[in-house]
Amino acid sequence: MPTIALKRKQWEPFAFASPSLFLIALVIVFPLVYAFYLSLRDFDLSVGPGHQFVGLRNYTEALFGDRRFMESVWNTIVIIIPSLAAELLLGLGIALLLNRVIKGRPIITALLAIPAMVSPVMAAMAWRMLFGVKYGAINNLGRQVGILDVYFDWFSTPLLSIVTIVLVEVWHNTPFMMLVLLAGLQSIPQELYESARVDGASPWQGFWSITLPLLKFTMAVGIMIRMIDLTKLFGLIFVLTYGGPGGATETVAFTTYLVGFNDFRMSYASALSYLIVGGVLVLTLAFMWVQRYREARAA
Amino acid sequence: MAIALEQTRAASGRVKRYRMRRVAGHVLTYLGIAVALVFFLGPFFWIVTTSLKANNDYFAFPPVWIPDQPSLAHYVRLFTNASGFRYFTNSLVISTLSMAAAIIVSLPTAYAIARWRFGGGVLSTLLLVLRMLPAIALIIPLYIMYKALGLTNSYLGLVLVYTVVYIPFAVWLLIGFLREFPVEIEEAALIDGCSRLRALITVVMPVIAPGLAVVALFAFIATWNEFLFAVVLTGIETKTMMVLVTSFTSGGTDMFYGEASASVVLGVLPAFAVAFALQRYLVKGLALGGTKG
């Protein structure tokens, strides 16, 4: 097959890519380097504009001497684990149901996907109003049914606040898990189920020995993506609890925000953000490893 | 003869049972879907009806679920008193500009990667890592830089951040669309003496226009939804809808339900539009972080 060799100018690929590379260098790489520089100094806007080199002091303080940050790590984990479990189970359940729907699947899927398209801030605001004392829909519905008082405060204790946050997070992002798993389900060849049925397998057996094994990696990818995004949980907290009561729902991203923009400890906040980046980087590498493993298996 | 009859009778019983099971299965399936729809869409329904209620409906017991005399009074008040119009326009302008800029910058980059494998695996890995990068790591140095340069409280500052932050996402999606594009058409244009850039604009772009629209809509909704950069880098004139809506939380438990719900409705409107417009691409776009702020 004769193809005409086109003259290739060496500079062309670089010229095409350079605008975005330049912008990435300017707005992402340079600030990251600057933040690292700051994290080694003691820049505190509430003290003054001057700052000097302090080495790794900010990092050692965060890792060994800062209960607030350690508690925020713990809070983040406490929110992530039940959220992931619920999102996976609910998402799988709904995806399995959708997979059986014959009429109107696209429209139902699009409707169910809407929460995932909404901003965390908007989702949180809607739910904050739903949970509202006196005028909230949930308390009023509870009063109508006779199980709740209108003055029930859904954010009164640390445990209840976390439960409420997890509920909102599950509402917000289960649709994402559902979409990912539905795509995975639809890529499973239907013949597998037919031959299993011919061999006398029950639908239940089919689920355990065909669906789950073939869906394993899709699930892993979905969980990884959600986990990485959950380490950045911020908007939901900002609106629902603002970290309260008593810092019990401060996530790592939210604590860093408060340290930076409430206490104005810019250097320390930079160090905290680098610790978060480190955590996310580990998770990202794990994610890429899972994907590579999956591609190797598929090939 | 009798045995054969017996067999068909047994078979028809099996068929009947099988059919009943199937009908029951369908009923349960749709029941489950209905429950899911109520859970996931119920909050939106309540927010919309709340935004249309009259003020004394909020105090009523039994609660008013659907107002008998829906009114747009809260929207009017939001637009006149709470500077809602200004912030809604800000959101529209910032999202539109960032969307356009992200596409203009990302398309040639995606082309360089798709056609020339520019940067090898390094560049695409870098883009994936950048997509995972938490915004909190950027906001502190950006805030200090912007303060020094006088870029806080400006459209330019926010549009610049948004454009760059969504480059990785846009490039990833565009590479996919470009790979589907038949190279032969492009080569024909190049042989006719077209430059690469002209071929990209006049030959490739019209064909991948649907793909560009997908990326554009995702970029639009992503910038529309973004909160952290917006809350730190905007000032009184440049606030977006996302920042406006959080201002209602300061009212404590007696916050302004009317205006707050109206602003939530306006804030989620684009999400509804995009969810329907992009049905086929939702998985891909969401997985790549198309809507995350």
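These questions and answers go through a predicted model of two chains, A and B.

Student: What is the mean pLDDT of chain B?

Tutor: Confidence can be read chain by chain. Chain A averages a pLDDT of 89, and 96% of its residues score at least 70. In chain B, 92% of the residues reach 70 or more. The mean for chain B is 85.

Student: Which residues of chain A have pLDDT that stays under 50?

Tutor: Where pLDDT is low, the coordinates should not be read in detail. One such stretch of chain A has four contacts beyond four places in sequence. The stretch with pLDDT under 50 is residues 1-6 of chain A.

Student: How much area do chain B and chain A bury between them?

Tutor: The size of an interface is often given as the accessible area lost when the parts come together. Here 95 residues of chain B are in contact with 96 residues of chain A. Carbon and sulfur atoms hold 82% of the buried area, and the total is about 8800 Å².

Student: Which residues in chain B lose the most area to chain A?

Tutor: Chain B and chain A bury about 8800 Å² between them. On the chain B side, three residues lead, and together they make up 8% of what that side buries. They are Phe40(B), Trp116(B) and Met132(B).

Student: Which side chains meet in a salt bridge between chain B and chain A?

Tutor: Over all chains, the whole structure has twelve salt bridges. The count between chain B and chain A is one. Its N to O distance is 3.4 Å, and the side chains are those of Asp229(A) and Arg131(B).

Student: How many residues apart in sequence are the parts that Glu87(A) and Arg226(A) tie together?

Tutor: The side chains of Glu87(A) and Arg226(A) meet in a salt bridge, with N to O at 3.2 Å. Glu87(A) lies in helix 3 of chain A and Arg226(A) in helix 9 of chain A, so the pair ties together parts whose separation in sequence is 139 residues.

Student: Which residues are the closest to the centre of the second largest cavity?

Tutor: The structure holds four cavities of 30 Å³ or more, and the second largest has a volume of about 90 Å³. Its lining has nine nonpolar, three polar and two charged residues. Helix 6 of chain A and helix 1 of chain B each supply at least two residues of that lining. Of the 14 lining residues, the closest to the centre are Tyr135(A), Asn140(A), Lys53(B), Tyr58(B) and Pro63(B).

Student: Which residues does a cis peptide bond join?

Tutor: Most peptide bonds are trans. In this model, omega is about -5° at a cis bond whose proline is in the loop between helix 10 and helix 11 of chain A. The bond joins Gly244(A) and Pro245(A).

Student: What is the phi of Phe264(A) near?

Tutor: Most residues other than glycine have a negative phi. Phe264(A) is found in the loop between helix 11 and helix 12 of chain A. Its phi is positive, near 60°.

Conventions
Residues numbered from 1 in each chain as written. Chains lettered and ligands numbered in written order. Predicted model: local features only at pLDDT ≥ 70, side-chain atom pairs only at ≥ 80, totals over all residues. Heavy atoms only, no water. 1 Å grid on protein atoms, 1.4 Å probe; cavity = no way out; pocket = protein on both sides within 12 Å on 5 of 7 lines; lining within 4 Å. Points joined across faces, edges and corners; volume = space filled by probe spheres on them. Helix = DSSP H or I, 4+ residues; strand = E, 2+ residues; numbered from the N terminus. Nonpolar A, V, L, I, M, F, W, Y, C, P; charged D, E, K, R; others polar. pLDDT = per-residue confidence, 0-100. Contact = heavy atoms within 4.5 Å. Buried area = accessible area lost by both parts, 1.4 Å probe. Salt bridge = Lys/Arg side-chain N within 4 Å of Asp/Glu carboxyl O.
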